[in-house]
Amino acid sequence: MKISIYTFPFRGHTLQATKIANYLSSKGHKVMFDTHPDFFKYLSKEIIKKETLYTYLTPQDNIDKDTLLNCAEGILLTSKNYLQDFENSCEKPDLIIFDSMAYWGKLIANKYNINSVSLITIQPFTHQNFIYYSYKYLNTYSSAFKSPQMFLRSLHIFQEIVKKKYNLPNNFVFDDILCATGKSNLVLMPKSICKFSKDLNDSYKLFSPIIDYDKKDIKKEKSVYLATGSIINDLDFLQKCINTLLSLNIKVYVSAGKFASKLNNIYIDCKNIYVYEFAPQMEILEKCSVFITHGGSNSICEAIYCEAPMIVIPFTNDEFINADMVEELGIGI
């Protein structure tokens, strides 16, 4: 079978897809994987690798509501480019697998009547759930509006404008951009974490993320692990956390991304502070006493696997709902 996989080219949206791609390739399927080149190293050599066409439109100012609409229009512009690129391709796949934020995968599959699977790496929602929860779900952006009604009105106006601008299907709705569905849908989180599991129809299957780590069942140490994912980069927040934890005289592990070098210089004399660009997360989660996290789905699932209690400090998107679910399960605050 010829399979094309399209990801939204960010770490949390891509790593599970690479594991699925490697498995499918090992079973003899011809797999094409479309993502940012940073993730090519996770793919087997047999997989055809293609660099993403994703375009993020930089907002003209710092108003959060415009950041959301710029992100959405970037996805639609990317989708237009992918449709043009696909029309020029010689070989059509038998199956398209796409991350639920890679809306271009859905557009291609529907236009050419190709079977499709959406990999849902965020909290899934029906259209009605989006209307009801989006004001909270998109808290970082929606707080720029006076009320949920004003927020939804703005999204609706945007939706109607871009339908004509990008020649989108009549049934297009704004939430397609953030959680596009396929003919089948694979939700990559356990049922206990999925806020909307009871509202999903038979086209959805919940599938716990693939975790490539064998637990060693080692004894927990007095340590804290601090990580905010690969998208959120807030040096001030990381420093405030580290400075507070210093007084506890315990080990502190920090996954700091682009700020790793800077933090290592700041805390060079602190022998109990361990700063990484990308920390060996599973190894640390298994031994740490507390995990301070932004609340991304992958991080929460890995913390559950390693039995690491969580302090969730959500920044954006479904992290607020993920944080609620962690409290509801009694595995963090």
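Start at Gly-330, which comes just after helix H12 and takes a positive phi of about 75 degrees. The model on screen is a predicted one.

**Helix H12 and its surroundings**

From Gly-330, step back into H12 and select residues 319-329. Which residues of H12 are buried? Colour Glu-319, Phe-320, Ile-321, Asn-322, Ala-323, Met-325 and Val-326, which are the buried ones. Now show what these side chains pack against: helix H4 (127-137), helix H5 (139-142), H11 and E12.

Next, select Ile-313, in the loop between strand E12 (310-312) and helix H12. Ile-313 is partly exposed, since its relative accessible area of 31% falls between the 20% limit for buried and the 50% limit for exposed. Add Ile-311 and Ile-333 to the selection and turn on the surface: with Ile-313 they form a nonpolar patch, and the three together have about 240 Å² of accessible area.

**Salt bridges**

A search of the whole structure gives 12 salt bridges. Three of them are stops on this tour, beginning with the side chains of Lys-2 and Asp-94, where N and O are 4.0 Å apart. The two residues belong to distant parts of the chain, 92 residues apart: Lys-2 is in strand E1 (residues 2-6), and Asp-94 is in the loop between helix H2 (64-87) and strand E4 (95-99). Lys-2 is partly exposed at a relative accessible area of 26%, and Asp-94 is also partly exposed, at 38%.

Move to Lys-165 and Glu-73, a salt bridge with its closest N and O atoms 2.5 Å apart. Lys-165 is in helix H6 (residues 148-165) and Glu-73 in helix H2, so this pair ties together parts that are 92 residues apart in sequence. Are the two partners buried or exposed? Lys-165 counts as exposed, with 53% relative accessibility, whereas Glu-73 counts as buried, with 16%.

For the third stop, select Lys-215 and Glu-307; their closest N and O atoms are 3.1 Å apart in a salt bridge. Both ends sit in loops: Lys-215 between strand E7 (204-206) and strand E8 (223-227), Glu-307 between helix H11 (297-305) and E12. This pair, too, links distant parts of the chain, 92 residues apart. Lys-215 is partly exposed at 30% relative accessibility, while Glu-307 is exposed at 56%.

**Aromatic rings**

Switch to the rings of Phe, Tyr and Trp, where the count comes to 21 aromatic pairs. Select Tyr-225 and Phe-291, a stacked pair with 5.1 Å from centre to centre and 10 degrees between the planes. Why is this pair called stacked? Its planes are 10 degrees apart, and planes under 30 degrees apart count as stacked. Tyr-225 is in strand E8 and Phe-291 in strand E11 (residues 290-293), so a viewer following the chain passes between parts 66 residues apart. Both Tyr-225 and Phe-291 are buried.

Then show Tyr-6, Phe-8, Phe-10, Tyr-54, Tyr-82 and Trp-104 together, a cluster linked by ring pairs.

**Charges over rings**

Two last selections put a charged side chain over a ring. At Phe-278, Arg-11 lies over the face of the ring, 4.7 Å from the ring centre. At Tyr-112, the charged end of Lys-92 sits over the ring, 5.8 Å from its centre.

How values were computed. Residues numbered from 1 in each chain as written. Predicted model: local features only at pLDDT ≥ 70, side-chain atom pairs only at ≥ 80, totals over all residues. Heavy atoms only, no water. Patch = residues over 30% accessible without salt bridge, like charges linked within 9 Å, V, L, I, M, F, W, Y side chains within 5 Å. Areas by Shrake-Rupley, 256 points an atom, 1.4 Å probe, with all protein chains shown as cover. Helix = DSSP H or I, 4+ residues; strand = E, 2+ residues; numbered from the N terminus. Buried < 20%, exposed > 50% of the residue type's maximum accessible area, 1.4 Å probe, protein only. Phe/Tyr/Trp six-rings, centres within 6.5 Å; stacked < 30°, edge-to-face > 60°. Lys NZ or Arg CZ within 6 Å of the ring centre and 35° of its normal. Contact = heavy atoms within 4.5 Å.
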